[in-house]
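Here are my comments on the model you sent round, set out as numbered points. Please read them with the structure open beside you.

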Amino acid sequence: MTSATEGDRTPSGQTTALVMSTTAFTVCFAVWTIFSIIGIRIREDLGLNSTEFGLLIGTPILTGSLSRLFLGIWAEQYGGRRVLALVMLAAAFATWALTWADSYGTYLIAALGVGLAGGSFAVGITYVSKWYPRERQGTVLGIFGMGNVGTAVTKFLAPFLMVSFGWMMVAQIWAIALAVMAVIFFVTTRDEPQLAARRASKQKPDSFLTQLEPLKNLQVWRFSLYYFFVFGAFVALALWLPSYYVNVYQLDVVTAGLLGAAYSVPGSLFRVLGGVLSDRWGARRVMYLTFLVSLGCTFLLSYPATDYVVQGIEGPIEFTLAIGFIPFTILTFILGFFMSLGKAAVYKHIPVYYPDRVGAVGGVVGMIGGIGGFVLPLAFGVMNDLIGVWTSCFMLLFALIAVALTWMHFAIRRMEMRESPELGGPKYLPELSGNPPPADRPAASGSDTSATPTRWSRTKGGGS
């Protein structure tokens with residue numbers, strides 16, 4: 001991807017664009033996850049079961065997910081500054097409209113509009129990426145992704161406001177904040193340099209269908225699966241954990257909200273670290289680390305509280321295995337941290353592989369990830385109702401990570417063997433094949449070993 005200007009690495013307005021976009025996305029994300037707190041009170045008022053509650057808190061996530069594809073493309077065509085401001089105003093109106101709802105159906109309709117706030121991600125990614133060169137994309141997009149901390153803002157502040165003034169006051173304040181932020185963002189930023197240059201030359205933007213061309217590549221959908229977990233599961237748990245703490249550990253809503261924020265904060269703030277590591281180490285290595293640690297965390301969190309009776313020498317021995325309150329909180333904190341690294345690593349790939357289609361590719365990857373944020377809370381509720389085990393949500397996440405890790409590993413191996421067919425042979429122990437070492441290939445020792453391709457030898461730039 002070309003930088004904002006060919007000769008100047010720091011175009012005027014670059015830093016302002018990043019700072020204001022990140023701030024705007026933070027406010028959008030706070031609104032997008034508002035049901036994680038006010039949904040608890042609405043559930044009590046309407047007497048919802050777990051499935052109905054999962055649908056309610058997941059509905060905004062659905063809208064925010066599905067809208068990302070066309071919002072990202074519109075940002076490419078008409079400019080991220082204008083599109084982002086309009087999206088925030090529309091979401092602010094829908095958030096205020098929550099206070100007019102009087103039934104479960106009308107709450108769902110209003111929640112669809114609230115979800116537009118989540119579509120801001122695809123717009124912001126497209127807008128910010130236009131201001132910076134390729135070698136800084138991981139760090140810059142990681143900084144923008146820190147806006148995920150908006151969910152922690154909601155969990156820290158909304159419970160206190162809801163207890164003191166009611167959930168409707170929370171919705172009204174969040175709506176006003178989003179509308180004000182839309183105006184501030186539009187006034188303080190300027191259009192991306194590429195858009196200004198295109199308008200000056202009177203060049204028409206690529207058509208909607210042309211923007212969708214990269215979606216034919218299976219690689220895009222593999223990236224989408226990664227994001228389905230690292231982002232979709234992050235959002236799902238951000239919505240689900242307060243209710244989990246209330247029901248499993250019998251905490252009050254304020255404490256549950258604060259602990260939910262303890263999960264959300266590392267899952268947001270450390271996203272910039274994931275971007276820095278992706279720039280330095282390669283996104284592929286960061287993704288391996290993310291999936292392996294997450295696999296271990298979800299395995300431990302999946303284990304349901306179980307009572308055992310062992311027939312001992314002097315009689316039955318009874319004991320219980322369960323994840324206690326403190327270990328649970330620590331494990332979710334670790335899980336959120338590594339999810340944040342993975343979120344940045346996934347989006348490091350996109351400007352590298354698809355520099356001229358960041359809006360479309362980033363939009364569809366974000367869409368699939370966001371759909372995860374909708375599907376997973378609903379699946380959590382359904383599994384609770386059908387299986388009757390609270391830890392079933394982590395069982396599902398464990399299976400999801402295992403599939404993503406397996407696909408990623410074998411896709412990488414196929415790429416390595418396609419680029420270097422010799423990797424498919426027993427280079428180091430040729431006697432295993434029953435043949436002597438080739439005359440032109442010395443034993444794998446000394447200086448020659450440094451030239452041997454490895455799994456990490458082509459990770460620079462985040463390729464996979």
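1. Overall make-up. The protein chain has a secondary structure of 19 helices and two strands, and it should be kept in mind throughout that this is a predicted model. Of the 464 residues in the protein chain, 55% are buried. Among contacts in the protein chain with a separation of 6 or more, 84% are accounted for by residues 24 or more positions apart. The accessible surface of the protein chain comes to about 19,000 Å², and carbon and sulfur atoms hold 67% of that surface.

2. A nonpolar patch on the surface. F93, W96, W100, I176, V180 and I184 make a nonpolar surface patch of about 620 Å². Two or more residues of this patch come from each of the elements α4 (80-97) and α9 (167-188), and it is α9 that gives the most, with three residues. One of the patch residues, I176, lies in helix α9, and I176 counts as partly exposed because its relative accessibility is 47%, which falls between the 20% and 50% limits used for buried and exposed.

3. Aromatic pairs, beginning within one helix. A pair of aromatic rings is described by the distance of the centres and the angle of the planes. The count of aromatic pairs comes to 32. For F29 and W32, the ring centres are 5.4 Å apart and the planes stand at 75 degrees, so this pair is edge-to-face. Both F29 and W32 lie in helix α1 (residues 14-32), three residues apart, which is about one turn of the helix. Neither partner is at the surface by the accessibility rule: F29 is buried, with a relative accessible area of 1%, and W32 counts as buried at 0% relative accessibility.

4. An aromatic pair between two helices. W240 and F380 also form an edge-to-face aromatic pair, with 5.7 Å from centre to centre and 65 degrees between the planes. Because W240 lies in helix α12 (residues 218-248) and F380 in helix α18 (residues 358-387), this pair ties together parts that are 140 residues apart in sequence. W240 counts as buried at 2% relative accessibility, and F380 is buried with a relative accessible area of 0%. Both W240 and F380 belong to a cluster linked by ring pairs, whose members are F53, W240, Y244, Y245, Y249, F325, F328, F380, W390 and F394.

5. Charges over rings. What sits over the ring of F186? It is the charged end of R81, which is placed 4.0 Å from the centre of the F186 ring. In a second case, K343 lies over the face of F234, at 3.5 Å from the ring centre.

6. The salt bridge. How many salt bridges does the structure hold? The structure holds one, and this salt bridge is formed by R41 with E44, whose closest N and O atoms are 3.4 Å apart. Side chains of opposite charge can pair when their charged atoms come close. R41 and E44 both lie in helix α2 (residues 35-46), at three residues apart, or about one turn of the helix. An α-helix has 3.6 residues a turn, so residues three or four places apart point the same way. R41 is partly exposed, with a relative accessible area of 27%, whereas E44, with a relative accessible area of 53%, is exposed.

7. Helix α15 and the residue that follows. In helix α15 (residues 271-281), the buried residues include R271 and D279, and G274, G275, L277 and S278 are buried as well. Just after α15, G282 takes a positive phi of about 105 degrees, and I would suggest looking at this glycine together with the helix.

8. A buried glycine in α18. G366 is found in helix α18, the helix that also carries F380. Is G366 buried or exposed? G366 is buried, because its relative accessible area is 0%, and the limit for buried is under 20%. From C-alpha to C-alpha, G366 and S224 are 7.3 Å apart in space, although 142 residues separate them in sequence. Leaving aside the neighbours of G366 within four places in sequence, G366 is in contact with R68, Y227 and Y347.

Technical notes:
Residues numbered from 1 in each chain as written. Predicted model: local features only at pLDDT ≥ 70, side-chain atom pairs only at ≥ 80, totals over all residues. Heavy atoms only, no water. Patch = residues over 30% accessible without salt bridge, like charges linked within 9 Å, V, L, I, M, F, W, Y side chains within 5 Å. Areas by Shrake-Rupley, 256 points an atom, 1.4 Å probe, with all protein chains shown as cover. Salt bridge = Lys/Arg side-chain N within 4 Å of Asp/Glu carboxyl O. Helix = DSSP H or I, 4+ residues; strand = E, 2+ residues; numbered from the N terminus. Buried < 20%, exposed > 50% of the residue type's maximum accessible area, 1.4 Å probe, protein only. Phe/Tyr/Trp six-rings, centres within 6.5 Å; stacked < 30°, edge-to-face > 60°. Lys NZ or Arg CZ within 6 Å of the ring centre and 35° of its normal. Contact = heavy atoms within 4.5 Å.
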